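Dear colleague,

I am handing over the structure below for your consideration. My findings follow after it.

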Amino acid sequence: MKRTLSILGSTGSIGQQTLKVAQACGHKVAAITVNRSVELAEAQARRFKPSLAVAVEEKAAADLRTRLADTGTKVLSGRGGLLEAASLSEADTVVTAIVGVAGLEPTLAAIECGKRIALANKETLVCAGELVMARAKERGAEIVPVDSEHSAIFQCLQGCRDKGAVRRLIITASGGPFYGKSCEELSLVTKAQALKHPNWAMGAKITIDSATLMNKGLEFIEAMRLYAMPPERIQIVVHRESIVHSLVEFEDGAILAQLGSADMCLPIQYALTWPERTPGPAKPLDLLSCPPLTFQKPDPDTFRCLGLALECAEKGGTSTAILNGANEAAVGLFLEDKIGFLDIPRLVERALEQVPAADRPSLDDILEADQAARGAVYDSVR
Ligand code: NAD
Ligand code: MG
């Protein structure tokens with residue numbers, strides 16, 4: 001089935017790979033959005049001819065409008081533009097490839113319109129998962145995960161006629177570039193080392209999250225929300241090879257896994273074509289050239305971000321939004337060379353202590369908690 005896509009965050013790692021899939025599989029692109037990277041946005045617009053292109057930053061949008069004046073692409077700016085791209089009537093599928101909680105409101109807008117959501121933006125489910133999943137159910141909007149672990153679980157569940165027969169979800173973790181290091185060693189790692197992921201090429205924020213293991217903590221919460229699973233029925237195992245993307249254990253003890261090369265094109269494509277499978281650009285996996293597959297226990301004490309995320313997963317309410325907001329702020333500071341690697345968990349932990357968490361939050365409570373958490377982080381480093 002050919003889809004018509006609105007790609008939120010088209011110039012990012014997931015956005016660009018979505019365009020690669022669209023090109024290879026013949027899906028149409030109706031809208032693209034970027035924060036401020038106009039040069040790449042112009043090239044994408046010329047190639048895919050969307051009817052709408054959005055640059056969130058006003059100046060970038062003005063530049064993009066001039067660049068695309070000779071084309072049929074309309075250019076909009078700001079939050080309004082983003083919401084218009086998310087609800088564009090021409091698009092049947094919205095790919096949420098924006099990084100951070102900035103993706104929450106556009107995702108909700110797309111859900112209101114009943115679109116299929118190919119969901120990469122995990123922060124949305126971490127902050128407001130219960131609210132988002134409930135609204136999607138009410139509006140009949142399908143949420144299909146793009147995150148490789150959640151896509152693997154989604155794929156393993158396809159053959160399952162008895163949803164009550166799921167015993168456990170098992171999420172694999174590469175362990176990141178610093179797996180096995182002590183706290184002392186972690187205190188010395190540099191930004192360049194943290195930005196070098198052993199198995200995946202991704203955007204800067206998620207690459208740092210993978211190094212701190214916050215990414216796995218966020219994914220644990222994402223899985224709880226997507227599959228309505230309590231924390232005690234989700235397990236994280238370190239799997240250095242990134243070949244088994246995740247697994248589902250059933251009541252009879254059977255475990256199903258999804259395997260593949262470390263290539264996001266496959267989960268992106270499946271989120272578009274599900275329940276169908278079509279040929280596509282993903283690199284096939286050659287079992288005979290795979291290294292031995294290994295599985296180990298994660299270390300949430302040394303990788304404190306994972307420990308903190310697991311505590312918030314238990315607590316629920318706005319604690320996961322505080323965790324996420326503080327982490328986004330701290331990772332931003334780390335990427336600007338303003339703090340060290342171990343300051344990330346330290347600042348997140350402090351924000352969790354300082355910002356009071358509320359149960360059963362509204363969207364406003366969640367957005368406020370996010371802002372308060374960021375404020376707590378910036379105050380701590382001032
Ligand atoms: P990225 O940094 O490479 O790209 C982010 C995109 O969002 C860019 O197009 C950018 O212009 C846009 N953007 C950034 N800030 C914005 C803002 N405030 N408002 C509007 N647009 C903004 O990020 P990525 O690695 O592609 O990740 C995107 C999302 O997908 C993240 O939530 C990440 O956790 C998730 N994800 C990524 C991967 C991966 O392999 N990269 C895998 C699984 C999940
Ligand atoms: Mg993942």
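I begin with E219, which is buried, with a relative accessible area of 1%. Please bear in mind throughout that this is a predicted model.

**Metal site**

E219 is one of the protein donors of the magnesium ion (ligand 2). The donors are D147 (OD), E149 (OE) and E219 (OE), and they lie 2.1 to 2.2 Å from the ion. Along the chain, the donors of this ion follow the spacing D-x1-E-x69-E. E149 belongs to helix α7 (residues 148-156) and E219 to helix α11, so the pair ties together parts that are 70 residues apart in sequence. Is E149 buried or exposed? With a relative accessibility of 8%, E149 counts as buried, because the limit for that class is under 20%.

**Helix α7: Q155**

Helix α7 also holds Q155. At 11% relative accessibility, Q155 counts as buried. Which residues does Q155 touch once those up to four places away in sequence are not counted? They are Q258, Y270 and R277.

**Domains**

The protein chain is divided into domain 1, covering 4-145, and domain 2, covering 151-315. The C-alpha centres of domain 1 and domain 2 are 25 Å apart. Across the two domains, 27 residues of domain 1 are in contact with 30 residues of domain 2.

**Second largest pocket**

The second largest pocket holds about 580 Å³ of space. Three elements each give two or more residues to its lining, namely α6 (122-139), β7 (143-145) and α11 (214-227). Of these, α6 gives the most to the lining of the second largest pocket, with four residues. In total, 20 residues line the second largest pocket, and those that lie nearest its centre are M133, I143, F154, L226 and Y227. By class, its lining comprises 15 nonpolar, one polar and four charged residues. How many residues, at least, does the lining of the second largest pocket draw from each of domain 1 and domain 2? The lining takes at least three residues from each of them.

**Largest cavity**

As for enclosed space, the structure holds one cavity of 30 Å³ or more. The volume of the largest cavity is about 40 Å³. Its lining is formed by L186, T212, T302, F303, R304, C305, F341, L342 and P345. These lining residues divide into six nonpolar, two polar and one charged.

**Strand β2: T33**

Finally, I draw your attention to T33, which is placed in strand β2 (residues 28-34). T33 is buried, with a relative accessible area of 1%. What is T33 in contact with, leaving aside its neighbours within four places in sequence? The contacts of T33 are I7, L8, G9, S10, T11, V54, L82, A85 and I98.

**Points to carry forward**

For reference, I repeat some of the findings here:

- The magnesium ion (ligand 2) has D147, E149 and E219 as its protein donors.
- E149 is buried at 8% relative accessibility, and E219 is buried at 1%.
- The second largest pocket has a volume of about 580 Å³, and its lining includes 15 nonpolar residues.
- The largest cavity has a volume of about 40 Å³, and R304 is among the residues that line it.

With kind regards

Technical notes:
Residues numbered from 1 in each chain as written. Chains lettered and ligands numbered in written order. Predicted model: local features only at pLDDT ≥ 70, side-chain atom pairs only at ≥ 80, totals over all residues. Heavy atoms only, no water. 1 Å grid on protein atoms, 1.4 Å probe; cavity = no way out; pocket = protein on both sides within 12 Å on 5 of 7 lines; lining within 4 Å. Points joined across faces, edges and corners; volume = space filled by probe spheres on them. Nonpolar A, V, L, I, M, F, W, Y, C, P; charged D, E, K, R; others polar. Domains from an automatic or database assignment. Donors = N, O, S within 2.8 Å, 3.2 Å for Na, K, Ca; no water. Buried < 20%, exposed > 50% of the residue type's maximum accessible area, 1.4 Å probe, protein only. Contact = heavy atoms within 4.5 Å.
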